[in-house]
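Thanks for opening this one with me. Below are a few points I jotted down while going through the model, in the order I would look at them.

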Amino acid sequence: MLNKYARAFFTRVLTPFATMLLRLGVSPDTVTLIGTGGVVAGALVFYPLGEFFWGTVVITLFVFSDLVDGNMARQLGRSSRWGAFLDSTLDRVADAAVFGGIALWYAGGGDSVLMCGVTIFCLASGQVVSYTKARGESIGLPVNVNGLVERAERLVITLVLAGFSGFTTFGVPYIGVLLPIALWIVALGSLVTLGQRVVTVRREAAEAEGTGTA
């Protein structure tokens with residue numbers, strides 16, 4: 001849901017910036033690589049240290065590259081299979097870094113085996129949710145379902161609440177509880193979304209085989 005409406009809004013907002021980068025001779029693939037590098041650095045440098053506020057600031061600055069590179073490709077009129085593949089692959093890398101950084105915090109200074117496990121589940125389930133759609137489409141099915149917690153929702157919930165939980169650094173009491181809340185929401189939402197996609201693929205496969213179109 002967020003992916004549908006927020007992407008359209010931010011695409012309009014970021015179009016002038018994308019145009020400027022094209023005039024400077026920057027390629028969409030370069031933006032994709034730099035954006036992913038920034039997200040990975042922000043997540044794996046700040047999050048394991050418990051610096052969730054500054055880590056989220058850095059990640060947020062770079063995460064919009066996912067919209068900018070696509071905007072640039074459309075302006076150039078040369079959206080390609082390679083660009084789509086690179087973008088999708090590096091999205092998985094960025095997501096793994098975000099949840100991996102949080103898991104490292106709970107495995108170390110955060111000192112919570114339970115929350116480390118929940119975070120790892122968020123990481124794994126997010127990758128599987130993305131895979132189910134890609135795999136379903138690869139066998140000719142539309143996978144026509146809007147899941148409860150897709151990538152945009154996972155990132156927004158995690159980054160916003162992680163950022164707010166980082167205010168513990170500035171002496172705000174009790175706010176650190178927001179990060180565990182975010183992770184439980186993402187974990188349960190991802191589980192529901194995985195179920196939605198599996199059920200949808202099963203139904204679409206049965207319909208396609210029943211009509212002899214697959």
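1. Where does UniProt place the feature "binding site" (unreviewed entry)? One set of positions in that record consists of D29, T30, V31, T32, G70, R74 and S80. Please keep in mind throughout that the model we are looking at is predicted. Of the residues in this set, T32 is included in the lining of the largest cavity.

2. The unreviewed UniProt entry also gives "binding site" at D66, D69 and D87. These three are spread over 22 residues of sequence, yet they cluster in space, with a largest C-alpha distance of 8.5 Å. The lining of the largest cavity includes D66, D69 and D87, so if you display that cavity, please show these three side chains with it.3. Two of these aspartates are in one helix: D66 has its place in α4, residues 65–76, and D69 lies in α4 as well. Are they buried or exposed? D66 has a relative accessible area of 11%, which is under the 20% cut-off, and therefore counts as buried. D69 is buried too, because its relative accessibility of 6% falls under that 20% limit.

4. What does D69 touch beyond its neighbours within four places in sequence? Its contacts there are P28, V31, T32 and D87. V31 and T32 appear in the UniProt set of the opening point, while D87 is listed with D69 itself.

5. T32 is worth viewing from its own side. This residue lies in helix α2 and is buried, because its relative accessible area is 6%, under 20%. Outside the four places on either side in sequence, T32 is in contact with D69, L86, D87 and L90. D69 and D87, two of the annotated aspartates, are thus among the contacts of T32.

6. T30 also lies in α2. At 34% relative accessibility, T30 is classed as partly exposed, because that value is between 20% and 50%. Its side chain makes a polar contact of 2.8 Å with the side chain of S27.

7. Back to α4 as a whole. The helix has 12 residues and reaches 16 Å from its first C-alpha to its last, close to the 16 Å expected at 1.5 Å a residue. Its buried residues are S65, D66, L67, V68, D69, N71, M72 and A73. After the helix comes G77, with a positive phi near 70°.

8. Now the interior. Which residues have the most contacts inside the largest nonpolar core? They are Y47, V98, I102 and L183, in a core of 22 residues. The elements giving two or more residues to this core are α2 (28–46), α3 (52–63), α5 (81–107), α6 (113–138), α7 (151–165) and α8 (178–211). Helix α5 supplies the largest share, 7 residues.

9. L183 makes a handy starting point for a tour of that core. Setting aside its neighbours within four places in sequence, L183 is in contact with F99, I102, Y106, M115, V118, T119 and C122. I102 is itself one of the core residues with the most contacts.

10. Finally, please do not overlook another core, which lies apart from the largest one and has 7 residues. Among its members are L14, A18, V68 and M72. V68 and M72 are also among the buried residues of α4, the helix that holds D66 and D69.

Notes
Residues numbered from 1 in each chain as written. Predicted model: local features only at pLDDT ≥ 70, side-chain atom pairs only at ≥ 80, totals over all residues. Heavy atoms only, no water. UniProt positions renumbered as here; feature names shortened; annotations may be inferred. 1 Å grid on protein atoms, 1.4 Å probe; cavity = no way out; pocket = protein on both sides within 12 Å on 5 of 7 lines; lining within 4 Å. Helix = DSSP H or I, 4+ residues; strand = E, 2+ residues; numbered from the N terminus. Buried < 20%, exposed > 50% of the residue type's maximum accessible area, 1.4 Å probe, protein only. Contact = heavy atoms within 4.5 Å. Core = buried A, V, L, I, M, F, W, Y, C linked by side-chain atoms within 4.5 Å. Expected span 1.5 Å × (residues − 1). Polar contact = N/O pair within 3.5 Å; in protein donor to acceptor, adjacent residues only side chain to side chain.
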